[in-house]
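Biologist: Can you put the model up? I have a few questions about how it is put together.

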Amino acid sequence: MRSPPVRAAKARSRRARAAALAAAALSALTSPAAANGVFPSADQIVFDPADPARAVARMTYGLLTTRDGGASWHWICEGAVGYDDTGGVAPPIAAAEGGRVLAALSDGIAIGVEGGCAFARAAEIEGKAVLDLSVRQGDPSHVVAVVAGQRHGLWASRDGGARWASAGAPLPAGFQARTVDVAPSDPRRIYVSGLATGGGPVKGELARSTDGGETWETSVVPGSTTSREPYIAGVDPRDADVLYVRIASAPGRLFVSRDGGATFEPVFDTQGFVRAFAISPDGAEVAVGSDIDGVFRAPSSTLSFERVSSVAPRCFAWTEAGLYACASEFLDDFTIGRSLDGGATFEPLLRQACIRGPLDCAASTSVGALCPLDWPRIAMMTGHEGCAPDAGSPAASSGASASATGAGGATAASGGGAASGGGGAASGAGGTGGAPEVSTGGAQPAGGARPSDGGCGCRAGGGSAGWAGALAAACLAAAAAARRRRA
C-alpha cells in the first residue's frame with residue numbers, strides 16, 4: 001500500500017517575509033500593462049529538439065529567445081506574435097520540427113518563421129480558439145492541439161505545425177478542454193483534461209483516447225471543479241499508461257495514474273500552487289515545484305518526494321543537459337536557471353536586466369516593425385542595464401549570434417536533448433564550483449562575481465538596484481495605462 005501523499009513543509013520565514021513584501025509591492029501594480037499587473041517573469045520554456053542551444057521562454061511581456069544556450073536573450077513582443085498581454089493572456093507555446101515556435105491563441109495558432117522574426121498563422125485553424133497544444137517527445141513533426149467550439153475537438157499536424165487537420169471525433173458533449181498531451185511511447189494515446197458540464201455539478205475530468213482521437217473515454221479527477229481545475233503535468237516517456245495531473249489552485253495537489261487515467265492517486269500536497277513539474281528524460285525521476293514550499297524530487301518508481309531546494313519555481317523542463325526552471329527573480333535571484341543536480345542548486349542563465357533588446361529583424365517583419373517601438377517600456381520595467389558578455393562567456397568565446405529563435409536551452413558542449421515531461425499548460429547549469437546556496441535560493445558565493453556571470457552576460461549589480469528600478473518603472477507603466485483608460 002502506498003504511503004500517504006507528501007505534505008510539503010510550511011514556508012520558511014524568509015520566504016514568507018519576501019512574499020509579504022512582494023504582495024505589498026504588487027499592490028502598486030494596478031494595471032495589467034505593467035507585465036499583467038505582476039513582476040516581470042517567465043512561466044514556460046521550450047526546447048528545439050534539433051538544436052540544444054536554442055530556447056524560447058514565455059514571459060509576462062512576450063517571448064525571450066536564445067540561440068547560444070542562454071548566454072544572451074532577445075525579446076519578441078506580444079504584438080509580433082499576435083496577442084495582447086493587457087488581458088492577462090499567456091498563450092501556451094511549443095517547439096516543433098524545423099525550428100518552428102508555435103503559440104496557441106484565442107483566434108488560431110501563430111507559427112514562428114524566418115528565425116523568429118515573423119509569425120505566420122495556421123490557415124486551417126484561423127479564427128478558432130486554441131486552448132493548448134503539445135509536441136510529441138521524440139517526434140517533433142507530430143503536434144496536437146485542442147480547439148474550442150460547440151464541441152471541443154482535436155487537431156493534428158504531422159509536419160511540425162505547418163499544416164493542420166481535424167483529428168478524430170469531437171470530445172464528449174459538455175466537456176470543456178483545458179490541456180492536451182500525447183504519449184511519447186504511443187502516438188495514438190492522447191489525453192485531454194478539462195471540466196465536464198453534463199447537467200449536474202461541474203467536475204474535473206480526464207478524456208483519453210487510445211486510437212488517435214477516434215473514440216474517447218472520460219474519468220473524474222478527484223477533488224477537481226471550476227475553482228480547482230485539472231491540468232496535465234506530464235506523461236511518462238516509457239509507459240503511456242502513466243501520467244501526472246496537477247490541480248491548478250492553492251492548496252495544490254499532484255496525482256498519478258498508472259492505468260491510463262482510469263483512476264488517480266494523490267502523491268504530493270502543498271499549501272501553494274503546483275506550478276512546476278517535469279519528468280527526467282529517462283523517466284526515472286520526477287520533480288515538482290511549489291511557489292510556497294520549494295523544489296521536491298522523487299524516483300518515479302516510488303514517488304517518495306524529498307525537498308531539495310527552497311527555490312520557488314514557476315516552470316520546469318528537463319533535458320539531457322539538466323533541469324531548467326523559471327523562478328521569481330525578486331525571490332530567487334534568477335528568472336531562468338539550470339540545475340545539474342536534480343534541482344538542489346541552480347545556475348542563473350537569465351537575469352532580466354541583461355536582456356539584449358528586441359530580436360534583430362528587418363523592418364519588413366512583424367518583429368522588426370513592432371517590437372523596437374515598445375522596447376523603452378520593457379527596458380524600464382526590467383531594469384535593463386545594456387549588459388555586455390564577459391570575455392569567458394559562451395557568446396564571447398564561441399562567436400554565436402543571438403539573432404534567431406528556436407528552442408533549446410543547453411550549451412552545445414553539454415549535449416542537451418529534447419524536453420521531457422511537462423510542466424506546462426499550461427510544459428530537461430547549475431552546478432559545480434560555487435552554485436547558489438540552496439537555503440537562500442541564489443545567494444552570492446564568497447570571492448567575487450557569481451559563477452553565472454558569463455551565462456547571463458551580466459555582472460553583479462543588476463539585482464536589488466535593477467528590481468528597484470523595475471518596480472518603479474512598472475508603477476509608472478501602471479499609472480500611464482490608467483490614464484489611457486480614463487482618456
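Modeller: What follows goes through the cores, one helix and some of the sheets; keep in mind that the model is predicted.

Biologist: Start with the inside. Which residues touch the most other members of the largest nonpolar core?

Modeller: Ile45 and Trp75 do, in a core of 43 residues. Helix α4, residues 366-381, supplies the largest share of this core, with 6 residues.

Biologist: And what is Ile45 in contact with, leaving aside neighbours within four places in sequence?

Modeller: Its partners are Ala55, Val56, Ala57, Trp73, Cys315, Ala317, Cys326 and Ile336.

Biologist: Which residues does the second, separate core include?

Modeller: Val242, Phe277, Ala298 and Phe305 are among them; that core has 16 residues.

Biologist: Back to α4. Which of its residues are buried?

Modeller: Val367, Gly368, Cys371, Trp375, Ile378, Ala379 and Met381 are buried.

Biologist: What span should α4 have, and how far apart are its ends?

Modeller: With 16 residues at 1.5 Å a residue, α4 should span 22 Å, and its end C-alpha atoms are 22 Å apart, so the two values agree.

Biologist: Where is the kink in α4?

Modeller: The kink is at Trp375, shortly before the proline Pro376, and amounts to about 45 degrees. Just after the helix, Gly383 has a positive phi of about 65 degrees.

Biologist: Now the sheets. What is the strand order in the one with β2?

Modeller: The order is β2-β3-β4-β5, an open sheet of 4 strands with antiparallel pairing. β2 (42-47) and β5 (74-76) are at the edges with a single partner strand each, so one side of each has no neighbour in the sheet. Averaged over neighbouring strands and with direction ignored, the turn of one against the next is 25 degrees.

Biologist: How many bridges are there between β2 and β3?

Modeller: There are 5 bridges, in the antiparallel sense, with β3 covering residues 55-59. Within that pairing, Val46 is opposite Val56 of β3.

Biologist: What holds strands together in general?

Modeller: Strands of a sheet pair through backbone hydrogen bonds, in a parallel or antiparallel arrangement.

Biologist: Different place: how many residues of β16 are buried?

Modeller: For β16, residues 203-209, 6 of its 7 residues are buried, which leaves the strand mostly covered.

Biologist: Which strands does β16 pair with?

Modeller: Strand β15, residues 190-196, pairs with β16 in the antiparallel sense over 7 bridges. Strand β17, residues 217-220, also runs antiparallel to β16 and is joined to it by 4 bridges.

Biologist: What are the bridge partners of Gly194 and Ala207?

Modeller: Gly194 has Glu205 in β16 as its bridge partner. For Ala207, the bridge partner is Thr218 in β17.

Biologist: What about the hairpin of β15 and β16: how many residues are between the strands?

Modeller: There are 6 residues between them, and in this hairpin Gly199 takes a positive phi near 100 degrees.

Biologist: Last one. Which are the edge strands in the sheet with β10?

Modeller: That is an open sheet of 4 strands in the order β10-β11-β12-β13, with antiparallel pairing. Its edge strands are β10 (130-135) and β13 (165-167), each pairing on one side only. The average turn between neighbouring strands of this sheet is 30 degrees, direction ignored.

Biologist: And how does β13 pair with β12?

Modeller: β13 and β12, the latter residues 153-157, pair in the antiparallel sense over 3 bridges. Ala156 has Ala165 in β13 as its bridge partner.

Notes: Residues are numbered from 1 along each chain as its sequence is written. This is a predicted model: local features need pLDDT of at least 70, side-chain atom pairs count only at pLDDT 80 or more; totals for chains, interfaces and linings use all residues. Side-chain values use heavy atoms; hydrogens and water are left out. A nonpolar core is a set of buried Ala, Val, Leu, Ile, Met, Phe, Trp, Tyr and Cys residues joined through side-chain atoms within 4.5 Å. Buried means under 20% relative accessible area, exposed over 50%, partly exposed in between (1.4 Å probe, protein chains only). Helices (H or I, at least four residues) and strands (E, at least two) are DSSP runs, numbered from the N terminus. Contact means heavy atoms within 4.5 Å. Two strands pair if DSSP finds at least two bridges between them. Axes are lines fitted to C-alpha atoms, for helices over the stretch in contact, and angles run from 0 to 180 degrees between N-to-C directions. The expected span of a helix is 1.5 Å times one less than its number of residues. The bend at a residue is the angle between axes fitted to the seven residues ending there and the seven starting there.
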